[in-house]
Every structure is written in C-alpha cells, then in structure tokens.
Amino acid sequence: IVDDQLIVKWFSNPASPEVVGVRLHHLRGAGFSEMPRHYGEVTWQDGATATLVATVTQFLPDARDGWTWCVEGLRAHVAHSPTACNGSCPGWFAAELGAMLGRFHAAAATPTSVLPQPVVWVEGDEIARWASRCAARVREALTVYRTELGDTDSLTSLWASEVERITSVERAPTVVVHGDLHVGQILRSIDGSELTIIDLEGDPLDSRPTAFES
C-alpha cells in the first residue's frame, strides 16, 4: 500500500499481462465501474516474451470487506425474530449484492474493443480437461482436509459422480470470470452506499499460472 492511495500487487509467479490486462480493460470498456481504478502494470521483457511482475490499482482505505460487513449484517439479521424484520436491517443485502454481480457478469459477456467476442463456446477435449482438473482438485481437498471431512469414502463417491456430470456436457459458453469470487472480495464503502469488487488481477501468491476460467 503506497500513501493510502495505491495498491502495488507483486506477483511471486509472473503471469501473462494479456490475461490480467485484458480482464481489467475489458470490464472497464464494457462500462463496469464497480471496481478500483486500474492504473497499470509492471512487466518484464525477456526477448519476445513479456511477463507481469506487478499491478497498480486504487486503494480504498475506508472500505470494509465482506468478511466484516456481511458477517455483521447476518448477525444483526438473525438476532431478531423474522416478524421484526422489514427488509431494512443490515442482513438484507442479498438482492443488492446479486444485482452488482449480475452487472459484473453481464459486462464480462459484452463485446468491447479489447474483447470483440467475449463469449467463447468450447466442447470436446476442453470440457474433458475441465473434468480432469476438477477431479484433481477434489482429490487434493479430500487429502488435505481428511480429518475435518470425516467420512471421506461417501464424499469421494458423491463428488466423483458430480465431476462425472461435467463430461456429459457437449458444448458450453465461457466468459472472463473473477476466478476467486467470495464475500471477502466485495468491499462496502464506509457510508454503506457502494459495493466494489476487488482482486480482479488474481492471487499474486498462487503458484498456478493465471488464466481465464469458464
């Protein structure tokens, strides 16, 4: 954080600037403004190959992330009886949050000069690769969280059947997505009037290559 104005995000695993830059510039070009201002990227040029080293975005010092405002709102909501809630308590944010995320994904699917064809249809081998990657992540989760999950045999069977359903899809549309969307990535302004989605650049500590996902 620089002077409470900028966030410089350094990538331990250099990424492709075409991926990070396209996502941010495309959303801005589609008219989506509910994200911090993006000032630019720092890249390293090695011959003909450029890799992303850091991104520079706006810092919002007075905003609170969803792990704070969502939790506080839900606690206030469940603290009173249903008959006492008229829809104005802090926990009544689902429609507002859903509408903002709807605008985000609509912008992602809107053609711009950056991405003239943002919706890409995939089939066959690519869908099979999705299933393979998903199955690998399931196996990883079952191994890492074996103690917390308890009966992993039944979970293995359940999740394997769900992953298998992916292979039944013949054709599917894809768009640019956030990639790590949860309430911690949604900031609310201090006066409660604005929501902002952050971390569109990706996780700088992630050891996997940054890429578009479906």
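This note goes through a predicted model of one protein chain, point by point, from its overall make-up to single residues.

1. Overall make-up. The chain holds 6 helices and 8 strands, and read from the N terminus its elements follow the order β-α-β-β-β-α-α-β-α-α-α-β-β-β. Of its 214 residues, 32% count as buried. When contacts between residues at least 6 apart in sequence are considered, 69% of them join residues at least 24 apart, and several of the points below give individual examples of residues that are distant in sequence and brought together in space, such as Ile-197 and Pro-36, which are 161 residues apart.

2. The largest nonpolar core. This core has 16 residues, and those that touch the most other members are Leu-27, Phe-32, Ile-186, Ile-197 and Leu-200. At least two residues of the core come from each of α1 (17–29), α2 (66–78), α3 (94–108) and β8, with α3 giving the largest share, 5 residues. Phe-32 may serve as an example of the contacts involved: apart from residues up to four places away in sequence, Phe-32 touches Leu-27, Met-100, Arg-103, Phe-104, Ala-107 and Ile-197. There is also a second, separate core of 6 residues, among them Ala-135, Val-138, Leu-142 and Leu-155.

3. Ile-197. This residue belongs to strand β8, and it is classed as buried because its relative accessible area is 0%, where the limit is under 20%. If neighbours within four places in sequence are set aside, Ile-197 is in contact with Phe-32, Glu-34, Met-35, Pro-36, Met-100, Leu-101, Phe-104, His-178, Leu-181, Gln-185 and Ile-186. One of these partners, Pro-36, lies 161 residues from Ile-197 in sequence, while the C-alpha to C-alpha distance between the two is 7.6 Å.

4. Asp-65. A reader following the chain will find Asp-65 in strand β4, where its relative accessible area of 27% makes it partly exposed. Its side chain reaches the backbone nitrogen of Trp-67 at 2.8 Å. Not counting residues up to four places away in sequence, Asp-65 touches Val-183, Gly-184, Ile-186 and Leu-187, and Ile-186 is also one of the core residues named in point 2. The C-alpha atoms of Asp-65 and Thr-196 are separated by 9.2 Å, although the two residues stand 131 residues apart along the chain.

5. Phe-59. This residue sits in the loop between β3 and β4 (64–65), and it counts as buried because its relative accessibility is 18%, which falls under the 20% limit. Leaving aside its neighbours within four places in sequence, Phe-59 is in contact with Ile-1, Asp-4, Gln-5, Leu-6 and Ile-7. For Leu-6 the spacing can be stated: Phe-59 and Leu-6 are 53 residues apart in sequence, yet 4.7 Å apart in space from C-alpha to C-alpha.

6. The second largest pocket. The space in this pocket amounts to about 260 Å³. Its lining is formed by 18 residues, of which Ile-7, Pro-36, Gln-58, Ile-198 and Asp-199 are the closest to the centre. Strands β1 and β3 (49–58) are the elements that give two or more residues to this lining. By residue class, the lining consists of 12 nonpolar, 3 polar and 3 charged residues. Pro-36 links this point to point 3, since Pro-36 is also in contact with Ile-197.

7. Asp-199 and Lys-9. Asp-199, already met in the pocket lining, lies in the segment after β8 (195–197). It counts as partly exposed because its relative accessibility of 29% lies between the limits of 20% and 50%. Lys-9 lies in strand β1 and, at 11% relative accessibility, counts as buried. The side chains of Lys-9 and Asp-199 are joined by a polar contact of 2.9 Å.

8. Backbone angles worth checking. Two aspartates have a positive phi in a residue other than glycine: the value is near 60° for Asp-199 and near 55° for Asp-3. Asp-3 lies in the segment before β1 (6–15), and with a relative accessible area of 65% Asp-3 is exposed, whereas Asp-199 is partly exposed at 29%.

Technical notes. Residues numbered from 1 in each chain as written. Predicted model: local features only at pLDDT ≥ 70, side-chain atom pairs only at ≥ 80, totals over all residues. Heavy atoms only, no water. Helix = DSSP H or I, 4+ residues; strand = E, 2+ residues; numbered from the N terminus. Buried < 20%, exposed > 50% of the residue type's maximum accessible area, 1.4 Å probe, protein only. Polar contact = N/O pair within 3.5 Å; in protein donor to acceptor, adjacent residues only side chain to side chain. Core = buried A, V, L, I, M, F, W, Y, C linked by side-chain atoms within 4.5 Å. Contact = heavy atoms within 4.5 Å. 1 Å grid on protein atoms, 1.4 Å probe; cavity = no way out; pocket = protein on both sides within 12 Å on 5 of 7 lines; lining within 4 Å. Points joined across faces, edges and corners; volume = space filled by probe spheres on them. Nonpolar A, V, L, I, M, F, W, Y, C, P; charged D, E, K, R; others polar.
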